[in-house]
Amino acid sequence: MITAAMTQLVQCPDCRSALIRATDDEAMTCGGCRRRFDTRHGYLDLRPLATFEEQTKYLDHELHADARHESIAPPVLGSKIRNDMLRRFLRPGPGDRIADLGCGSGRAIVWNAGSGAAVLGVDISPFFAQEAIDRADLILGDLRRLPLQSAVFTKAWSLDVMEHLSPQALTDVLREANRVLAPGGTLFIYTHVRKNGWPALGVRLVNRIARVCERVGLLDLRQERLRKSDHLNPLADHDDLRQVAAACGFEIARITYYSPVIGAFMENVLARMAEHWLARRAGRRLPAAGPTDDHAAVRAARRAAQARVRRGGALYWGLRAATALMQIDLWLFGRIPTGPFFALLRKPAAGSPQATER
Ligand SMILES: [Zn+2]
C-alpha cells in the first residue's frame with residue numbers, strides 16, 4: 001500500500017530531497033536528483049544507488065525457501081513473547097507514527113494493526129507478505145541510509161536485526177534510527193550481546209538435546225542453522241550496548257533479559273519435532289515425480305500448520321498454552337543479565353540534560 005501519509009515521510013535515499021508523485025502515478029520522482037522510484041509492486045523501492053560492501057544473507061533466496069514470509073499467522077511461541085514485550089515496552093497507540101526497521105515479511109505490523117498507530121515498514125529484502133503489502137506502508141530500503149525524513153516518527157521497533165550487523169553497520173543503523181525519531185521518541189529492540197549469564201547454561205543443555213534429536217532423525221535444524229549463519233553479533237556485553245547506544249544518541253530507558261530455557265525446549269525441540277513430522281507427512285503426499293524436494297515438503301507443512309493456526313483450532317490453543325509457559329522464562333530470569341534482551345532506547349527530549357550534552 002502506498003498512502004499519501006507515507007509520501008510525506010519518505011525522502012530520496014541518494015540526495016535526501018522530497019519525493020514527488022509522477023503524473024502517470026506509476027512511480028515517484030525525486031525533487032532533487034530526479035531519480036524515479038518504482039511503486040508497481042505495492043511498495044516503494046527506495047534502495048540507495050550506492051551499494052554497501054556489506055550485504056546481509058537475508059537477500060538470499062535460499063533463506064526464504066521455507067516460505068516463512070509468505071503468509072502471516074497469529075503470533076505464537078517466541079513471536080508472541082516478542083510481540084507482547086514490544087507492546088508492553090513501546091505501547092503503540094493512536095497518534096503514534098512508528099517505523100518498523102527491518103520489518104521482514106511485515107508480520108509485526110499486521111499483528112499490531114489494531115493499536116491505531118500508523119506503522120511504516122522498511123526492509124532491504126522484498127520478501128513481504130501480501131497481507132502486509134495490502135495493509136501497510138512498506139519500503140524497500142537500507143537501514144544504514146534510511147529513506148525517511150528526520151524527526152518524523154514518535155516510535156520505532158527493530159526485532160532480530162542488530163545481531164546481523166557489523167559494529168560499523170550497527171552504529172550506522174542506530175544513528176539513522178535516532179535521526180528519524182522525534183526528540184523523546186523511543187526505539188524498542190530485541191537482539192543479544194555475546195556475553196551470556198548463567199541461565200544460558202540451561203538453554204545450551206536444551207539445544208544439545210535438540211541436536212541429539214536431530215541425529216536420530218526426530219527433527220531438522222538446517223533452516224535454523226542457515227538463519228543464524230550470518231550473525232555477526234556486534235555487541236560484546238551490556239556495557240558495550242550502553243556505550244554504543246549513547247554514542248548514537250540514545251539512553252537505555254528499560255531492559256529485560258531473556259534466557260529462553262523453557263522457550264528453547266518449546267521451540268527448538270517440540271515445535272521442530274512437530275514440524276518435521278508434518279513435513280514428512282506432507283512429503284509423502286507430494287507428487288512422486290522427480291527427486292523429493294525437501295524444501296517443497298517443508299513449505300507444504302508450514303503452510304498447512306499456518307492455516308491450522310489461523311483457523312484457531314486445537315493446534316492454535318496448544319501453541320498458546322505453550323507460549324504461556326514460555327512466560328516463566330521472563331519471570332524467572334528477566335533480571336539476570338544475559339545475551340538476549342528486550343530494551344527500550346530513548347532519544348532524549350529537546351532541552352533535557354542528555355540532549356544538550358551531545
Ligand atoms: Zn534524489
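These exercises work through the strands, helices and loops of one predicted model.

Residues are numbered from 1 along each chain as its sequence is written. Local features need pLDDT of at least 70, side-chain atom pairs count only at pLDDT 80 or more, and totals for chains, interfaces and linings use all residues.

**Exercise 1. The eight-stranded sheet**

Task: State in which order the eight strands of the open sheet lie, and find the edge strands.

Solution.
Step 1. Fix the elements. Helices (H or I, at least four residues) and strands (E, at least two) are DSSP runs, numbered from the N terminus.
Step 2. Fix the pairing rule. Two strands pair if DSSP finds at least two bridges between them.
Step 3. Read the order. It is E4-E7-E6-E5-E8-E9-E11-E10, the sheet is open, and the pairing is mixed.
Step 4. Read the edges. Strand E4 (44-45) and strand E10 (251-257) each pair on one side only.

**Exercise 2. Pairing around E7**

Task: Describe how strand E7 (residues 137-140) is paired and where its side chains point.

Solution.
Step 1. Take E4. Two bridges join E4 to E7, and the two run parallel. The bridge partner of Asp 45 in E7 is Leu 140.
Step 2. Take strand E6 (residues 118-123). Four bridges join E6 to E7, again parallel. Leu 120 has Asp 137 of E7 as its bridge partner.
Step 3. Recall the general pattern. In a regular strand the side chains alternate between the two faces of the sheet.
Step 4. Apply it to E7. Asp 137 and Ile 139 point one way, Leu 138 and Leu 140 the other way. All are buried (20 or more other C-beta atoms within 10 Å of its own, with exposed at 12 or fewer and partly exposed in between; C-beta atoms are placed from the backbone).

**Exercise 3. E8, E9 and the helices on them**

Task: Work out how E8 and E9 pair, and which helices lie on them.

Solution.
Step 1. Strand E8 (residues 153-159) and strand E9 (residues 181-192) pair in the parallel sense over six bridges.
Step 2. Pick out opposite residues. Phe 153 stands opposite Leu 181 in E9. Leu 159 stands opposite Tyr 190 in E9.
Step 3. Check burial. E9 is mostly covered, with nine of its twelve residues buried.
Step 4. Add H2. Helix H2 (residues 77-90) lies across E8, E9, E10 and strand E11 (340-346), running at about 155 degrees to E9. Axes are lines fitted to C-alpha atoms, for helices over the stretch in contact, and angles run from 0 to 180 degrees between N-to-C directions.
Step 5. Add H5. Helix H5 (residues 167-180) packs on the sheet and touches strand E5 (97-101), E8 and E9. The direction of H5 makes about 145 degrees with that of E9.

**Exercise 4. Two helix pairs**

Task: Classify the pair H5 and H8 and the pair H2 and H9 by angle, then list the residues that meet.

Solution.
Step 1. Set the classes. Angles under 35 degrees count as roughly parallel, over 145 as roughly antiparallel, 65 to 115 as roughly perpendicular and the rest as oblique. Contact requires C-beta atoms, placed from the backbone, within 7 Å.
Step 2. The axes of H5 and helix H8 (residues 238-247) come within 9 Å and cross at roughly 50 degrees. H5 and H8 are therefore oblique to each other.
Step 3. Leu 170, Thr 171 and Leu 174 in H5 meet Val 244, Ala 245 and Ala 247 in H8. By class, this contact has five nonpolar, one polar and no charged residues (nonpolar: Ala, Val, Leu, Ile, Met, Phe, Trp, Tyr, Cys and Pro; charged: Asp, Glu, Lys and Arg; polar: the others, Gly among them).
Step 4. The axes of H2 and helix H9 (residues 261-285) come within 9 Å and cross at roughly 150 degrees. H2 and H9 are therefore roughly antiparallel to each other.
Step 5. Leu 77, Gly 78 and Ile 81 in H2 meet Gly 263, Met 266, Glu 267 and Ala 271 in H9. The contact of H2 with H9 divides into four nonpolar, two polar and one charged.

**Exercise 5. Positive phi**

Task: Locate Arg 16 and Arg 91 and give the phi of each.

Solution.
Step 1. Most residues other than glycine have a negative phi.
Step 2. Arg 16 has a positive phi, near 65 degrees. Arg 16 lies in the loop between helix H1 (4-9) and E1. With 15 C-beta neighbours inside 10 Å, Arg 16 counts as partly exposed.
Step 3. Arg 91 has a positive phi, near 45 degrees. Arg 91 sits in the loop between H2 and E5. Arg 91 is partly exposed, with 14 other C-beta atoms within 10 Å.
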